[in-house]
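Open the model in your viewer and keep the selection box handy. We'll go from stop to stop, picking something out and looking at what is there.

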Amino acid sequence: MAFEPPQRLVRALAENAPDGDAWVEELPEATERAVAERELTVERVQVPGGRSSLVVLVRLADGTPAALKLAPPRYRPEAERAALAHWGGLGAVQLIESAATDGVPPTEGVLLLERLHPEVSVRSLPEAKAWLEAAGTLRRLWVAPPEGTVFETVAERTGRQAVAMRGASAPAEVAALVDAALAAREELLAGPPEVRLLHGTFRQSKVLAGDRAPWLAVGPDPVVGECAFDLARLVRDRVEDLIASPSGAATTRRRVKRLAESLDVDQERLRGWTLFRAVESGVRALRVGRPRDAELLLEFAGWL
């Protein structure tokens, strides 16, 4: 079978590697090799798929449905493997290939996962139910990180992002938001850090229906730090709907309050991290040529 990467993935990787990406060129061969080594039967490539990995729906030699995921090093797939192994299926997709499967050791950048239902995410639920299920799933992931495993910290990740934000060329109104976001980050990092293993990129579309449990998280970019940082990305979910609503600003502030209260997170810290993450994403969208996304994110940030 020819494994052609979905165009959504190709375009997304090109944004981060304008001169081309050798990983994409090698992906068909790498996928064929991963399938053969594990004696998998391929059903189909998941399309349109994500922006950071290729997912192939497969079956194990015994007929068990599974998902084969391949991701480039820049998206830290080995950190994802370590986090999924630590969660052990509690609140997150189960990692099948944690140590070795039938004598085949894990291959760097290749994850073999339990099959969920990719076409059914929490986002498909009515809005109130979607928020409830998403928040409940996220709470289960907030555990102490494993000893001896080094994950990136919130301070480290946002430090890299802050450097890029400072170096960005932006209009005066965007520059003011960047200054506010950077100041919020400095204040939030001033005290002793909370130490929890976080999903890192959590939103409603990252929670899929499963057979073993009703809803399970997928696609973590794990980081260690405070829970408010993890929750901040969820606050801006469905941002396009918020921007289109005449009450979007008020709804956003209510959302911050309700999510903070429901998950026992400090409201002001959640607001601060929501500001930082929205501005960082907006500035990055500007940098890679996605002005519409940038406009939505920066307008949202201005409400905070």
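In what sense do strand β1 (residues 41–45) and β2 pair, and over how many bridges? Select both strands: β1 and β2 pair in the antiparallel sense, over four bridges. Keep in mind as you look around that this is a predicted model.

**Stop one: strand β2**

Stay with β2, residues 54–59. Is this strand mostly covered or mostly open? It's mostly covered, with five of its six residues buried. Now add β3, residues 65–70, to the selection. β2 pairs with β3 too, again in the antiparallel sense, here over six bridges.

A good residue to click on is V56. In β2, V56 stands opposite V45, and V56 also has a bridge partner in β3, namely L68. Show V45 and V56 as sticks for the one pairing, then add L68 for the other.

Next, follow the chain from β2 into β3. The two strands form a hairpin, with five residues between them. Stop at G63 in the turn and check its backbone: phi is positive, at about 95 degrees.

**Stop two: helix α3**

Select residues 77–87 for α3. Which of its residues are buried? They are P77, E80, R81, A83, L84 and W87, so colour those and then bring up the surroundings. The cover over these buried residues includes β3 from the previous stop, along with β4 (110–114), α4 (127–141) and β6 (196–198). Just after the helix comes G88, another spot for a backbone check: its phi is positive, near 60 degrees.

**Stop three: the α5 and α6 pair**

Pick α5 (residues 154–166) and α6 (residues 172–188) together. Their axes come within 11 Å and cross at roughly 155 degrees. That makes α5 roughly antiparallel to α6. As for handedness, α5 passes α6 in a left-handed crossing.

To see the contact itself, show these side by side:

- from α5: A155, T158, G159, A162, M165 and R166
- from α6: V178, A181, L182, R185 and E186

Colour them by residue class and you get six nonpolar, two polar and three charged.

**Last stop: helix α7**

Finish at α7, residues 227–235. How many of its nine residues are buried? Nine of the nine are, so α7 is largely enclosed by the rest of the structure. Hide whatever blocks your view and walk along C227, A228, F229, D230, L231, A232, R233, L234 and V235. Charged residues such as D230 and R233 are on that buried list as well.

Key
Residues numbered from 1 in each chain as written. Predicted model: local features only at pLDDT ≥ 70, side-chain atom pairs only at ≥ 80, totals over all residues. Heavy atoms only, no water. Axes fitted to C-alpha atoms, helices over the stretch in contact; angles between N-to-C directions. Parallel < 35°, antiparallel > 145°, perpendicular 65-115°, else oblique. Left-handed = near helix turned anticlockwise from the far one by under 90°. Contact = heavy atoms within 4.5 Å. Buried < 20%, exposed > 50% of the residue type's maximum accessible area, 1.4 Å probe, protein only. Pairing = 2+ DSSP bridges.
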